[in-house]
Amino acid sequence: MTSRIPRDSRLRLVRPRPLAAAPQAINQRRPRRPAPRPPEGTPARSELARMARSGLAGAARVARWADSALGPGRGSATADGKATLSDATADQAARELGLTAATIRADWDTARLAGLIEVHGDSARPGWRLRAWNRDDSAVLRGWVALFDAWSLAHPEPAGQEPAAVAEVVSAMPQVLSFLQLSAGPVPVDQLLDLLEQRVTELRTERCEVPYGPRLEPGTEPAPDPTADTPLAPLLDWALHALASVGALTCGDGQATLTPLGNWAVWVKLEQICVAAQSPAGNIEQPAEDMLRGCAQLRPNAARAEYRAWLAARPVGSAVAELLGAARGEDALLRGLAFDALRVVGAPAEPDVRGVVDEPTLRPYALLWLAEHDGADPEDAHEALTRREATWLWVDTAAAVADHGEAPLLVRHLEAAVQFTVPALLEEVRAVGHPRTVQVLVALAAAHPDPALAKAVRRAAFQVHTGGS
């Protein structure tokens, strides 16, 4: 059933705005409100983090091995420059870690989805979460939530299933998970199947895409919907086992139950809250990375005041070097904040900023900084970037929003893209090769309320993850 009102199924973006405004999205937070309390019986954050570390122990082990064995000049992670682990590397890891190659591959994929590994061409390096793995519970929990969001990529769907039906089930599962969370206990799978069928029916009813191609002649029957007769029980079974494989729930005796981690994650998403950043107290005495983390939740004026105080307490040269060192890290939020702090430094930072223009990770930020320093209006500074650099910066900023912001901010970040349609954006995002592309697309698909757009973004994430086209 479709609507009588035609809809542009090319999924156009609305109100494109200059990319230079995108890094400010993270600071445009709503006024603080009392943090909701988790449901009674939810383990403490430290215990949740312990569970996440335990569940991701294999992935962390492979990530640490890759850090030591696959760094620059020490070999390659892949044979074709894609994310798939090469046979030689998998065999090497299996020998050195005493595991099977199949286990290594599974842990490698898990580590990538959790942000513990980032692949750059034919080499791999640890993500910022791995660096903070043993000391930062928030980094651990965010890594697990990233894997939770990517459950449909972590466990392949059954062979021979209609792709459109798979996408519908993925889109419907948040409601199933919400029901499991609200039930606070085991739920019969038959009851979940009824709920899934209802939700999929709603999605099909709400769908109002206008098909491409010639219109049907009067009296001609439309082609049957290939998903209409697809049984959903096998797909529900797949979804439950996929969620179980990432540690979100358990299945047995015809029932499904959320694990403490799964229950907490669903509650977090229902409440649309994010893990609080460090308190800004005492930032003046902190190293650049900790100072920037402490300023993450401050409004722009308050953050600039903190930057000035921090800069006043140390020589300009060493302060600039320390800020650029923080910008070179794996956390995209710190990259944007570091260049905000460098804007406070002003002219004394210009030689150092010009010196990093050739570093791919810092180049878009440095070009924007230099354009503004040379007198360009901040709203027009994005014109200093090529289309590819602008797209790379969009993905990097989206990674920061996904890691540290709220879901609505990630959805609104679409407006900062230079592309006018979602298909064009996805094509260029895939081509730009940002190491966080999969995580960004998965997070955007999980956050976006439009099922059709979410489906397109999720498909792109899967293609990037598998190296397909």
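Visitor: How many residues does helix α4 have, and what distance does it reach from its first C-alpha to its last?
Guide: This is a predicted model, in which local features need pLDDT of at least 70, side-chain atom pairs count only at pLDDT 80 or more, and totals for chains, interfaces and linings use all residues. Residues are numbered from 1 along each chain as its sequence is written, and side-chain values use heavy atoms, with hydrogens and water left out. Helices (H or I, at least four residues) and strands (E, at least two) are DSSP runs numbered from the N terminus. The expected span, 1.5 Å times one less than the number of residues, is 18 Å for α4 (residues 101-113), and the helix comes close to this with 13 residues and a reach of 19 Å.

Visitor: Which residue just after α4 takes a positive phi, and of what value?
Guide: Within α4, the buried residues are I104, D107, W108, A111, R112 and L113, where buried means under 20% relative accessible area, exposed over 50% and partly exposed in between (1.4 Å probe, protein chains only). Just after the helix, the positive phi belongs to G115, at about 80°.

Visitor: Why do the buried residues of α20 line one face of the helix?
Guide: Helix α20 (residues 422-432) buries V422, L425, L426, V429 and V432. The arc is taken from the directions from the helix axis to the C-beta atoms. These residues line one face because, seen down the axis of α20, they fall within an arc of 130°.

Visitor: Which helices are included in what covers the buried residues of α20?
Guide: Contact here means heavy atoms within 4.5 Å. The cover includes α18 (387-404), α21 (437-447) and α22 (451-466).

Visitor: Is L342 buried or exposed?
Guide: L342 is found in helix α15 (residues 332-345). Beyond residues up to four places away in sequence, L342 touches V320, L323, L324, A349, V353 and W369. L342 and L323 are 19 residues apart in sequence, with 7.5 Å between their C-alpha atoms. With a relative accessible area of 0%, L342 is buried.

Visitor: Which elements give two or more residues to the lining of the second largest cavity?
Guide: On a 1 Å grid over the protein atoms alone, a cavity is a set of points where a 1.4 Å probe fits but cannot get out, and lining residues have an atom within 4 Å of a point. The second largest cavity holds about 70 Å³ of space. Its lining has 13 residues, of which E118, R125, R335, H434 and P435 are the closest to its centre. The elements asked for are β1 (117-120), α15 and α18.

Methods
On a 1 Å grid over the protein atoms alone, a cavity is a set of points where a 1.4 Å probe fits but cannot get out, and a pocket is an open set with protein on both sides within 12 Å along at least five of seven lines; lining residues have an atom within 4 Å of a point. Grid points are joined across faces, edges and corners, and a volume is the space filled by probe spheres set on the points.
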